[in-house]
Amino acid sequence: MDGKPDYSRYCCGRVQCLFLYQEILVMDATVVFFSLGIFDITSTVVITWGLMLLLGGGSWLATRHLSVDNPGMLQTMLEGIIQSIENAIDEVLPGRANLLLPFVGTLWLFIAVANLTGLIPELHSPTGDLSTTSALAILVFFSVHWYGIRSSGLKHYLGHYLTPSPILLPFHLLGELSRTIALAMRLFGNIMSLEMAALLVLIVAGLLVPIPLLMLHIIEALVQAYIFGTLALIYIAGGMQSHEAKDIQETLPPDNTGDKT
């Protein structure tokens, strides 16, 4: 009315675009490609299967012609990645790298590639779907118990839930459940917010900052993969070392501070 431009309509339009894109992300993740009986195969499942095929086939092709005398550039790079993962495992569980490398290493590589999938046009990151992160968290949950029982035996492993007192059993079980839920929600929330933040910056600044934004996306995707894998490794280490904590508790002298002398 006073001749000034109406910026509110401009801002509301951008906010509406943001919420519209959020709805599109959710719809893309839930699009049903086909059904197998009672199971609906969504785009997230298809992309996840594609990543599994890509990683499996790529690993097979990359390891077909390994050489000790004359390693190529690809072999040197792969050996550096494997060595880095082994060193990370040894820092948490010394001497157990060979046992945990297949699971923890695969987890790190899969999540890193899955997080970066959102950079490809017309694709979204499977880890931006709560169903994928929940499946990964459940996989970590069972692996903790598997490695714990394998390391200390069923009796000793179950016994640590009653240490130092059986009264703490409900709290141990609640902790197992809560950290699994937190593991799934953390990865899902970070990847979803990362994609939304990238969209918000593009809406506000247009295409003026594509390269810095792209680098931010790559760094954040790798960091989130590292955090998820590191937490999984710490949980597994806690399960494998639970019998040691129980043995230490049993060897401690009784508390006689309340006895009269």
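Me: In what order do the elements of the protein run from the N terminus?

Reply: They go α-β-β-α-α-α-α-α-α-α-α, which makes nine helices and two strands. A helix here is a DSSP run of H or I with at least four residues, a strand is a run of E with at least two, and numbering starts at the N terminus. It's a predicted model, where local features need pLDDT of at least 70, side-chain atom pairs count only at pLDDT 80 or more, and totals for chains, interfaces and linings use all residues. Residues are numbered from 1 along each chain as its sequence is written, and side-chain values use heavy atoms, leaving out hydrogens and water.

Me: Why is Glu176 called buried?

Reply: Its relative accessible area is 11%, and buried means under 20% (exposed is over 50%, partly exposed lies in between, with a 1.4 Å probe and protein chains only). So Glu176 makes the cut. Glu176 sits in helix H7, residues 169-205. Leaving aside residues up to four places away in sequence, Glu176 touches Phe141, His145 and Tyr161, where contact means heavy atoms within 4.5 Å.

Me: What makes Ile181 partly exposed?

Reply: Ile181 is also found in H7, but its relative accessibility is 48%. That falls between the 20% and 50% limits, so partly exposed is the right label. From Ile181 to Thr133 the C-alpha distance is 9.5 Å, with their positions 48 residues apart in sequence.

Me: How do you know that the length of H5 agrees with its residue count?

Reply: The expected span is 1.5 Å times one less than the number of residues. H5 has 23 residues (130-152), so it should span 33 Å, and its end C-alpha atoms are indeed 33 Å apart.

Me: What's going on at the two ends of H5?

Reply: At the start, a side-chain oxygen of Asp129 comes to within 3.1 Å of the backbone nitrogen of Ser131. Just after the helix, Gly153 takes a positive phi of about 90°.

Me: Why does Ser151 count as partly exposed?

Reply: Ser151 belongs to H5, and its relative accessible area of 27% is neither under 20% nor over 50%, so it goes in the middle class. The buried residues of H5 include Leu136, Val140, His145 and Ser152.

Me: What makes the pair His124 and Thr44 a polar contact?

Reply: Their side chains meet at 3.2 Å. A polar contact is a pair of N or O atoms within 3.5 Å; within protein, one must be able to donate a hydrogen and the other to accept it, and sequence neighbours count only if both atoms are side-chain atoms. So 3.2 Å is inside the limit. His124 lies in the loop between H4 and H5, and is buried at 9% relative accessible area.

Me: Which residues of H3 and H4 meet?

Reply: Among them are Ile81, Ile85 and Ile89 in H3, and Leu100, Leu101 and Trp108 in H4. The contact residues divide into 11 nonpolar, two polar and two charged. Nonpolar covers Ala, Val, Leu, Ile, Met, Phe, Trp, Tyr, Cys and Pro, charged covers Asp, Glu, Lys and Arg, and the others, Gly among them, are polar.
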